[in-house]
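This report describes the fold first, then its packing, and then one buried charged residue.

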Amino acid sequence: LTLTSQQQKTAWSDLNGAATSNAPSSFQPSTSSALPSTVTVHAIPSKTATAVPALRPYDYAKVDGKLLIVNPHDMMIAEMISG
């Protein structure tokens, strides 16, 4: 997944209000890494999926001030967005 800077800004403004999940202290998020099972993921809201259609098949989590866009089938991080 590769989002333009405008798509990232839209996703950040729509999703930044989500509760932050607690990840293990050893977890260093990066694209193509697996999300720990202890992290809570949320479905992309329809408003955000309409504004940024590329996000439609994904879920997301907020960890350490970053939005992690996650493939729900294998829980791999597809994109990381910072504010």
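Four strands form an open sheet in the order E1-E2-E3-E4, with antiparallel pairing, where two strands count as paired if DSSP finds at least two bridges between them. Strands (E, at least two residues) and helices (H or I, at least four residues) are DSSP runs numbered from the N terminus. The edges of the sheet are E1 and E4, each of which pairs on one side only. This is a predicted model, in which local features need pLDDT of at least 70 and side-chain atom pairs count only at pLDDT 80 or more, whereas totals for chains, interfaces and linings use all residues. Residues are numbered from 1 along each chain as its sequence is written, and side-chain values use heavy atoms, with hydrogens and water left out.

| Strand | Residues |
|---|---|
| E1 | 42-43 |
| E2 | 59-63 |
| E3 | 66-70 |
| E4 | 77-82 |

Strands E3 and E4 run antiparallel and are joined by five bridges; Ile69 has Glu79 in E4 as its bridge partner. In the hairpin that these strands form, six residues lie between them, and Met75 takes a positive phi near 60°.

Helix H1 (residues 5-15) lies across E2, E3 and E4, and runs at about 80° to E4; such angles run from 0 to 180 degrees between N-to-C directions, with axes fitted to C-alpha atoms, for helices over the stretch in contact. Its buried residues (under 20% relative accessible area, 1.4 Å probe, protein chains only) are Thr10, Ala11, Trp12 and Leu15. These residues of H1 pack against helix H2 (46-51) as well as E2, E3 and E4.

The largest nonpolar core (buried Ala, Val, Leu, Ile, Met, Phe, Trp, Tyr and Cys residues joined through side-chain atoms within 4.5 Å) has 15 residues, of which Leu15, Ile44, Leu55, Tyr60, Leu67, Ile69 and Ile81 touch the most other members. H1, E3 and E4 are the elements that give two or more residues to this core, and H1 gives the most, with three. A second, separate core of eight residues includes Phe27, Leu35, Ala61 and Val70.

Asp59, in strand E2, is buried yet has no salt bridge, and the nearest side chain of opposite charge, Arg56, is 12 Å away. A salt bridge here requires a side-chain nitrogen of Lys or Arg within 4 Å of a carboxyl oxygen of Asp or Glu, and His and the chain ends are not counted as charged. Leaving out residues up to four places away in sequence, the contacts of Asp59 include His42, Leu68 and Pro72, contact meaning heavy atoms within 4.5 Å.

Note on methods: Buried means under 20% relative accessible area, exposed over 50%, partly exposed in between (1.4 Å probe, protein chains only).
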